[in-house]
Amino acid sequence: NYQKLRPMFSARAKLLKPSTYEPTAVEGSLAQCLFELQESTPNLKEELESLHFLAAREIELDNQPNKKAIVMFVPYIELARYRRIQKRLVPDLEKKVGKQLVIIAQRRILKKRGPNNKVKQQKRPFSRTKTAVHAAILEDLVFPTNIEGKRTRYRMDGSTVLKVHLDRKDQQTQESRVATYETVYRKLTGVR
């Protein structure tokens, strides 16, 4: 019943949701932009034909009240294919949408097995722990840039601050996006 089964004749097919799902305005416009890029850009056409996204969210940036960023959630299986074309795709999408865009894979956090659990379950994989998912979200956020180091600073009042050091060679290109990364990471994970 998913759109993946239908041929790619419309922008709606870019959104991997049941046909009964009514897309939000952000999801609809992003699907339309992806479809237009697929049809109009010959060097991206082949790669974009097999790519989809699961959801899109618009997040208002904290320090700039009138600026917004779009977070596009993609299937984890398609993340490697998105990364191959991300340097060409993101600037084109940002021009069409008029906002900063971030691509993140959809991941799941599994809760810890409790002591009262009588049912035999498999061991929780590390990739589904909260720590691993938050680290992976951070990697996805800053993708073209590598993370050089992370520091967790504990304040006297008990709060924590995560400091992330990005690769210096990408400083010119990523400097304008740091506020976006900070806001999106905090809204998705709840971590400062």
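## A small network to start with

Let's begin with three charged residues: Glu-58, Lys-68 and Lys-99 are linked in a network of salt bridges. Keep in mind that this is a predicted model.

One link is the salt bridge between Lys-68 and Glu-58, where the closest N and O atoms are 3.9 Å apart. Because Lys-68 belongs to strand β2 (residues 68-74) and Glu-58 to strand β1 (residues 55-60), the pair ties together parts that are 10 residues apart in sequence. How open to the surroundings are these two? Lys-68 is partly exposed, at 34% relative accessible area, and Glu-58 is partly exposed too, at 31%.

## The chain as a whole

Time to step back. The chain has 192 residues, and buried ones make up 38% of them. It is built with six helices and five strands. If you walk along from the N terminus, you meet the elements in the order α-α-β-β-α-β-α-β-β-α-α.

What about overall dimensions? Taken along the principal axes, the C-alpha atoms fill a box of roughly 55 × 50 × 30 Å.

## Salt bridges across the chain

How many salt bridges turn up in a search of the whole structure? The count is nine. Another of them joins the side chains of Lys-96 and Glu-36, with an N to O distance of 3.3 Å. Here the partners come from distant parts of the chain: Lys-96 sits in helix α3 (residues 79-97) and Glu-36 in helix α1 (residues 25-40), which puts them 60 residues apart. Lys-96 has a relative accessible area of 39%, so it counts as partly exposed. Glu-36, with 33%, is also partly exposed.

Then there is the salt bridge between Asp-62 and Arg-186, at 2.0 Å from N to O. This pair also links distant parts of the chain, with Asp-62 in the loop between β1 and β2, Arg-186 in helix α6, and their positions 124 residues apart. Is each partner buried or exposed? Asp-62 counts as partly exposed because its relative accessibility is 37%. Arg-186 is at 18%, so it counts as buried; the cut-off for buried is under 20%.

## Two arginines around helix α6

Now look on either side of helix α6. Arg-177 is found in the loop between α5 (171-174) and α6, while Arg-192 is in the segment after α6 (178-189). Which of the two is buried, and which is exposed? Arg-177 has a relative accessible area of 12%, so it is buried. Arg-192 reaches 56%, so it is exposed; to count as exposed, a residue needs over 50%.

Each arginine has its own company. The side chain of Arg-177 makes a polar contact of 2.6 Å with the side chain of Glu-94. Arg-192, for its part, helps form a positive surface patch together with Arg-153, Arg-155 and Lys-163. Why can Arg-192 be part of a patch? Patches are made of residues with over 30% relative accessible area and no salt bridge, and Arg-192 has a relative accessible area of 56%.

## Putting it together

So what should you look for in the picture above? Find the network of Glu-58, Lys-68 and Lys-99, then trace the salt bridge from Asp-62 in its loop to Arg-186 in helix α6. Finish at Arg-192, in the segment after α6, where you can pick out the positive patch it forms with Arg-153, Arg-155 and Lys-163.

Definitions and conventions:
Residues numbered from 1 in each chain as written. Predicted model: local features only at pLDDT ≥ 70, side-chain atom pairs only at ≥ 80, totals over all residues. Heavy atoms only, no water. Patch = residues over 30% accessible without salt bridge, like charges linked within 9 Å, V, L, I, M, F, W, Y side chains within 5 Å. Areas by Shrake-Rupley, 256 points an atom, 1.4 Å probe, with all protein chains shown as cover. Salt bridge = Lys/Arg side-chain N within 4 Å of Asp/Glu carboxyl O. Lys, Arg positive; Asp, Glu negative; His and termini not counted. Charge placed at Lys NZ, Arg CZ, Asp CG, Glu CD. Helix = DSSP H or I, 4+ residues; strand = E, 2+ residues; numbered from the N terminus. Buried < 20%, exposed > 50% of the residue type's maximum accessible area, 1.4 Å probe, protein only. Polar contact = N/O pair within 3.5 Å; in protein donor to acceptor, adjacent residues only side chain to side chain.
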